[in-house]
Structures are given as structure tokens and as C-alpha cells.
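Hi there,

Here is the structure I promised to pass along. Have a look at it first, and then read on for my notes.

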Amino acid sequence: MREKILYYSSNRYLSSAEDKKPAHSVPFREALLVGQAPDEGLYMPEKIPRLSLSDIHALKGRPYTEAALLVAEAYLGADLPLETLTAVIASSYNYEVPLERVVDRLYVLRLDRGPTASFKDFAARMMARLMSYFRDPGKRLNVLVATSGDTGSAVGEAFKGVAGIDVYILYPRDEVSGRQKKQLDTIGGNVRTLSVEGKFDDCQDLVKQAFADPDLAGLNLNSANSINFGRILPQMIYYVYAYAQLAEPGDEIVFSVPSGNFGDALGCEYARRMGLPVSRLVMPTNENNEFPRFLETGIYEKISPSRACLSNAMNVGHPSNLARLFELYGGTVDRTGFVHRVPDLETMRKNIFSVAVSDEETRQTIRRAYEQYGLILEPHGAVGWRGLEHYLEQAGKSSLCVSLETAHPAKFPEEIESLLGISPELPASMQDIDRRSGEPLPMTVDYEIFRQFLITTLKATD
Ligand SMILES: *Cc1c(COP(=O)(O)O)cnc(C)c1O
């Protein structure tokens, strides 16, 4: 029997002089259902389990679900029965995970074949099923999400048809693209959309007010937040999978991970600490360069407001998961971006390479990768690829390298057409998108009206 892993808060070293007590360690179930620790830190595993290299190499040629089971069981083996975990994984990962050889030993890992064609599907689908399993029996979970587009559809699709959970997605009526709106409104079933007559910030405010409203406490509201550890764990799996498929015993690997809130890169950092032979984690950002500057200078300054770049899912001026990364290297940074303890910079620089990639470089990379290799990248993946090139120029030696493509090029048709003169084919999961139907519920920015809607609509029990 495995030992149960407990989760502590990344704010554990902050003075408890303020009114918030330091959080105690909690089991996975609580970290998953609560999301954020009561002291506003992020939950982290007290112990990082080790995988044996022979178990990893044994995954060569095996399906993705086997890699998923090896990694997930190491964390959750004592929290839920193996049959349940196996079923969660089988229904989460029922799409392909292509590894595309580009040149020599350089590969692109395409994480874009899930239902909403972004890598966020990997985490959201497993988290949704784990929440369904761990929720209080008999009590429905009501997930509220405010979205500016992509996260909402990944979360919505992930919870579609999941027992005991209803999802309400709020999006700004005039700020999502036609295709995004279609993706959101047509999920259907237990997932409903509210088209809000306002901006993204208004949607977020409505959701925040609902969470803080004592009158709604009985409705079992949950945020399925992006800082949930339940979303980090699934993001360790594809690193183990990719290494196992490509490596020979003794090989080391470099991963390049286009980074915004650092959840994806953190998955790689944990995988390395579990024993995966990652010689370098490359973390390219767009023009929101607070992290590469920190690695260079040792001084952290968040960027506020964040810069609007082509790779829009990475427009983050203070990554929420930086708190976890710092903690892993013996540092502490809080939600506002204030550094209480500086992490071990020397070790960080040895393990991590980071560089900012401008929009101009991103466009050039999309063009050049296509001309040189016939490789089709979208803006996020292009930042990843360019970051890897920067790293290889500096490292001077080439080894096994994998760059992550985090969204499907067909999600950026205008950009790809203007740069490459082709229109990328929609992935299988999105081919019928224009034929789907569904309508949102209209909503104003008036909290009282939203509140009444929740009280009359939401079910608190099964
Ligand atoms: C969210 C997202 C990213 C950034 O991932 P983080 O985990 O926030 O660093 C990169 N690419 C795409 C397409 C995304 O949706």
C-alpha cells in the first residue's frame, strides 16, 4: 500500500501575523476541492514520488494511458482505488498525442488533439473526473467559470457529461471570437453558458462576488481554478510519455515549454524531480519577460498590466504558478509579486533556461519553420520552438529535444493564412463546429440578477 501524500501551502514561510493562519497540510481530496489554501498559497505535495527508469523505459511503444497511470498512481495510489483511477484515465485520454520528428533528434509534441484543441484539455479532463469522484456524495458541485475564451471551453468540454457536476460559464458577449462563442455555446448538457453584457473583468467580478456571498454557501460552488494542483498533476504525464517513446537507456532530454502561468512548465519540473532525465527545461515567454529577466538579474518585477502579444494565452505579467516554482527552489513569492525569500538562483539557472520571444520573432519562426521543415506552428508553439533554437545556439551541442505545440494551428486561421498562405485543416474534434447549435443565456452585470439566477437555477443535491 502506498503512503498517502499530503499537500502544504506555498505560503508556509510567510509570517502568520496577519489574520490568516498558515494552512495545515491536507490530503489530495481537499486540495482538489478547495483549490487554493486558506492562507492564499498554492498547494504542493510534501513528498515527490520517484519513478524508476526501468518503469519509464517500459512505456516505449505503449499507449498514453499507461504513462498516465504510472504517474497518477505514484501520487494518488493511496487516495482512490486503482480501478477508479484507470477508468478516470481511460475516459480522459481518448485522443491521440502525436510526436512529430522535425530534424535530427528534434521533435514537436502536439498537445492539440483534445476536444478544444489546446493542451489545457489534458489537465481539465482529468481534473473534472477526479472532482466527480471526490465530491461529497449526494451534493452536486456547481462549477462557475469566468472566461475570455479558451479556458472556458476546455473546462466546459472537460466536465461535459460528468456525473454530479453542473458548469456555468460566463463570457463577455462582445469580446469572444465567433468560433470561440460557437465552442462555448454548443457544449450543452450539464454545461450552460451565460453571455454577459460586459467585459471579461465584469464576468470575473460576478463569479468572485458569488464565491464570497454567504447566502450562496449552500450551493456547493467550485471554481475549477487554474491554480488547482489537480491541474498540475496531469501535466507531468506527457513529459514521461514523450521521453519513453523517444529515448534509449542513458539518454537525457531537453523540453521547451511555451510559458504563461507556468503550470505546464511546472509539470516538467515535477517530472524531473520524479526521476525523468531532463537535462534542461527551456521556458520561453512572449514579451511578458518578467521571468527571463529574473533569471538574468535576480530581480523580480511583475509586468502590470500584461503586454498583449500574438500568443495571447501567454499574456501573463505575474505567473500564478511562480509561487510553486520558487518554493521548489527554496524561495517565496506572494500573490502580489513580492519576493519574501529569493530562490536558489544558481541551481535554477542550471536546470532552467528562459528567454523572451518577441511577436516579430514569433511570426518569423512560423514562416521559417514552414519553409525549412514543412512544420506548421501556431503562435504559442512558435514561441516554444524559437526558445529551443535560442537554447541550442547557446548550449552548442544537440541532444534529444522536444518542443511543445500547445494549440492547434487551425485555432489561429487568420495569422496562419497571412503568414503561410495556407488554411490549416480543423482537427477532427472541431470539424463539425459550424454545424453545432446552442444558445447562451443572456446576463447583465448586475450582481443581484446573477444571484437570483443562481438561487433559482442551481441544484444543491443530486
Ligand atoms: C494556457 C496556454 C499556454 C501557457 O501555459 P501555462 O501553463 O499557463 O504556462 C500556452 N499555450 C496555450 C495554447 C495555452 O492555452
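Please keep in mind that this is a predicted model.

I started with the ligand. An oxygen atom of the ligand sits 2.7 Å from a polar backbone atom of N261. Two further backbone contacts are worth finding on your screen: a backbone N or O atom of G260 is 2.8 Å from a ligand oxygen, and for D264 the corresponding distance from a backbone N or O atom to an oxygen atom of the ligand is 2.9 Å. How much of the ligand does the protein bury? Taken alone, the ligand exposes 380 Å², and the protein buries 95% of that.

The surroundings of the ligand comprise 14 residues, of which K120, G260, N261, F262 and T406 come nearest. Sorted by class, this shell has 6 nonpolar, 6 polar and 2 charged residues.

K120 deserves a second look. An unreviewed UniProt entry annotates K120 as "modified residue: N6-(pyridoxal phosphate)lysine". In the model, K120 belongs to helix α5, which covers residues 120–134. Leaving aside residues up to four places away in sequence, K120 touches T151, A154, R231 and A313.

Next, the wider fold. The unreviewed UniProt entry also lists residues 104–397 as "domain: Tryptophan synthase beta chain-like PALP". Over that stretch the chain is 43% helix and 17% strand, and the C-alpha atoms at its two ends are 12 Å apart.

There is also an open sheet to trace. Five strands make it up, in the order β9-β6-β7-β8-β16, with parallel pairing. Its edge strands are β9 (221–222) and β16 (441–443), each of which pairs on one side only. Strand β6 (residues 141–146) runs parallel to β9, and 2 bridges join them. If you want a place to start, V143 stands opposite N222 in β9. As a reminder, strands of a sheet pair through backbone hydrogen bonds, either parallel or antiparallel.

Finally, two backbone details:

- The peptide bond from S304 to P305 is cis, with omega near -5 degrees. P305 lies in the loop between α12 (290–297) and α13 (322–328).
- E40 has a positive phi, near 70 degrees, in a residue other than glycine. You will find E40 in the loop between α1 (28–34) and β3 (43–45).

If you open just one view, I would begin at the ligand, with K120, G260 and N261 among the residues that come nearest.

Happy browsing, and best wishes!

Key:
Residues numbered from 1 in each chain as written. Predicted model: local features only at pLDDT ≥ 70, side-chain atom pairs only at ≥ 80, totals over all residues. Heavy atoms only, no water. Near = heavy atom within 4 Å. Polar contact = N/O pair within 3.5 Å; in protein donor to acceptor, adjacent residues only side chain to side chain. Areas by Shrake-Rupley, 256 points an atom, 1.4 Å probe, with all protein chains shown as cover. Nonpolar A, V, L, I, M, F, W, Y, C, P; charged D, E, K, R; others polar. UniProt positions renumbered as here; feature names shortened; annotations may be inferred. Helix = DSSP H or I, 4+ residues; strand = E, 2+ residues; numbered from the N terminus. Contact = heavy atoms within 4.5 Å. Pairing = 2+ DSSP bridges.
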